[in-house]
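Reader: I am new to this structure and would like a close look at a single part of it. Please start with one residue and then move on to the elements around it.

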Amino acid sequence: MSYPIFTEEMKKDYTILVPTMLPTHFKLIINVMKNYGYKMELLENEGKNVIDSGLKYVHNDTCYPALVVIGQIIEAFKSGEYDPKETAVVLTQTG
């Protein structure tokens, strides 16, 4: 299976969503990347909706941190604030 590759040209039009895993570290990384022209946003949504979305769309054997991260991403897209055609997601190994 092939996945789309984020290219240098895409950085001017795309927003890159970064799930909250290590907020202090990720804020630092985001600020560095902004200096290189990337538009990145740290997802800080939390609560029952995030957990419920993770539970609804993720297999029940998935680790809890991954469930929360996926729930954050799903809820961000459901909010309508991000255009899926111009949004990328950073996914790190969560556990």
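Author: Thr 87 lies in strand β3. In this predicted model, the relative accessible area of Thr 87 is 10%, so the residue is buried, the limit being under 20%. Its side chain has a polar partner: the backbone oxygen of Asp 83, at 2.6 Å. Leaving aside residues up to four places away in sequence, Thr 87 touches Tyr 14, Thr 15, Leu 17, Phe 77 and Tyr 82.

One of these contacts, Phe 77, leads to helix α3, which spans residues 64-78. This helix has 15 residues, and from its first C-alpha to its last it reaches 21 Å, close to the 21 Å expected at 1.5 Å a residue. Its buried residues are Ala 66, Leu 67, Val 69, Gly 71, Gln 72, Ile 73, Ile 74, Glu 75 and Ala 76. Strand β3 (87-89) is among the elements that cover these buried residues. The cover also includes β1 (15-19), β2 (39-43) and the helix α2 (48-57). Two of the residues that Thr 87 touches, Thr 15 and Leu 17, fall within the range of β1.

After α3 comes Gly 80, with a positive phi near 85°. A glycine with positive phi is also found just after helix α1: there Gly 37 has a phi of about 90°. Helix α1 covers residues 23-35, 13 residues in total. From first C-alpha to last, α1 reaches 18 Å, close to the 18 Å expected at 1.5 Å a residue.

Notes
Residues numbered from 1 in each chain as written. Predicted model: local features only at pLDDT ≥ 70, side-chain atom pairs only at ≥ 80, totals over all residues. Heavy atoms only, no water. Helix = DSSP H or I, 4+ residues; strand = E, 2+ residues; numbered from the N terminus. Expected span 1.5 Å × (residues − 1). Buried < 20%, exposed > 50% of the residue type's maximum accessible area, 1.4 Å probe, protein only. Contact = heavy atoms within 4.5 Å. Polar contact = N/O pair within 3.5 Å; in protein donor to acceptor, adjacent residues only side chain to side chain.
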